[in-house]
Amino acid sequence: MYTDKIVTNSEFEIPQDLEGEQVLEYVKPLVWGAWKAAKDNIFAVGRWLNAAKQRCDHGEFGAFIKAELPFSQSTAEKLMAIANSEVLNEPEVYEKLPASWGTLSSLAAFAAKNPFDVRAAAADG
């Protein structure tokens with residue numbers, strides 16, 4: 001069963017000897033890493049769901065989502081579609097994507113019908 005872990009600010013300590021610009025330079029790669037990990041984890045959740053669904057009997061997967069996961073069947077389907085999107089998984093597109101599963105879901109649906117538009121938008125930055 002899913003459990004939340006309470007995170008405190010003490011887990012995000014910045015060395016005391018850093019000030020001003022040094023603090024910002026210290027946290028910059030940490031923020032970027034956490035931001036990238038958020039996006040990577042959205043795709044990872046969808047991939048795990050896709051892999052599990054392929055191995056389940058009819059009805060078993062939906063019951064699992066309802067009983068054991070912290071989101072709805074609809075959200076699971078959106079996460080799975082994100083992970084399955086060939087266009088969103090292209091490296092030149094992926095690197096430009098946001099870390100928002102709602103936005104990624106909309107982009108996955110759009111990319112299914114308009115792959116060239118999504119690729120062009122990614123190329124334009």
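This is a short tour of one predicted model, stop by stop, for you to follow in your viewer.

**Colour by confidence**

Before selecting anything, colour the chain by pLDDT, for which the mean over the chain is 92, with 94% of the residues reaching 70 or more. Among the helices, look at helix 3 (residues 73–84), where confidence is highest at 98, and then at helix 6, where it is lowest, at a mean of 94. Where pLDDT is low, the predicted coordinates should not be read in detail.

**Helix 1 against helix 3**

Select helix 1, which covers residues 21–54, together with helix 3, and turn the view until you can see where their axes come within 7 Å of each other and cross at roughly 100°. An angle between 65 and 115 degrees counts as roughly perpendicular, and therefore helix 1 and helix 3 are described as roughly perpendicular to each other. Now show the side chains at this crossing: from helix 1 select Ile42, Phe43, Val45, Gly46, Arg47, Leu49, Asn50 and Lys53, which meet Ala76, Leu79, Met80, Ile82, Ala83 and Asn84 of helix 3. The residues of this contact divide into nine nonpolar, three polar and two charged.

**Leu49, within that contact**

Keep helix 1 on screen and centre on Leu49. Is Leu49 buried or exposed? Leu49 counts as buried, because its relative accessibility is 5%, which lies under the cut-off of 20%. Leaving aside the neighbours within four places in sequence, you can pick out the residues in contact with Leu49, namely Phe61, Leu69, Phe71, Ala76, Leu79 and Met80. For a sense of distance, add Leu24, which is 25 residues from Leu49 in sequence and 37 Å away in space, taken from C-alpha to C-alpha.

**Two salt bridges**

Side chains of opposite charge can pair when their charged atoms come close, and this structure holds two salt bridges. For one of them, select Lys36 and Asp40, whose closest N and O atoms are 2.7 Å apart. Both belong to helix 1, and because they are four residues apart there, about one helical turn separates them. Lys36 is partly exposed, at 46% relative accessibility, and Asp40 is partly exposed as well, with a relative accessible area of 25%.

For the other, select Arg119 and Glu90, whose side chains meet in a salt bridge with an N to O distance of 2.7 Å. This pair links distant parts of the chain, since Arg119 sits in helix 6 while Glu90 lies in the loop between helix 3 and helix 4 (91–94), 29 residues away in sequence. Arg119 is partly exposed at 31% relative accessibility, whereas Glu90, at 19%, counts as buried.

**Helix 5 against helix 6**

Arg119 has already brought you to helix 6, so add helix 5 (residues 101–113) to the view of helix 6 (residues 115–124), and find the place where they pack at an angle of about 120°, with their axes 5 Å apart. That angle makes helix 5 oblique to helix 6. At the contact, Phe110, Ala111, Ala112 and Lys113 of helix 5 meet Pro115, Asp117 and Val118 of helix 6, and these residues divide into five nonpolar, no polar and two charged.

**Last stop: Ser106**

Stay on helix 5 and select Ser106, which is partly exposed, with a relative accessible area of 49%. Finally, add Ser74, whose C-alpha atom is separated from that of Ser106 by 13 Å, although the two residues are 32 apart along the chain.

Note on methods: Residues numbered from 1 in each chain as written. Predicted model: local features only at pLDDT ≥ 70, side-chain atom pairs only at ≥ 80, totals over all residues. Heavy atoms only, no water. Axes fitted to C-alpha atoms, helices over the stretch in contact; angles between N-to-C directions. Helix = DSSP H or I, 4+ residues; strand = E, 2+ residues; numbered from the N terminus. Parallel < 35°, antiparallel > 145°, perpendicular 65-115°, else oblique. Contact = heavy atoms within 4.5 Å. Nonpolar A, V, L, I, M, F, W, Y, C, P; charged D, E, K, R; others polar. pLDDT = per-residue confidence, 0-100. Salt bridge = Lys/Arg side-chain N within 4 Å of Asp/Glu carboxyl O. Buried < 20%, exposed > 50% of the residue type's maximum accessible area, 1.4 Å probe, protein only.
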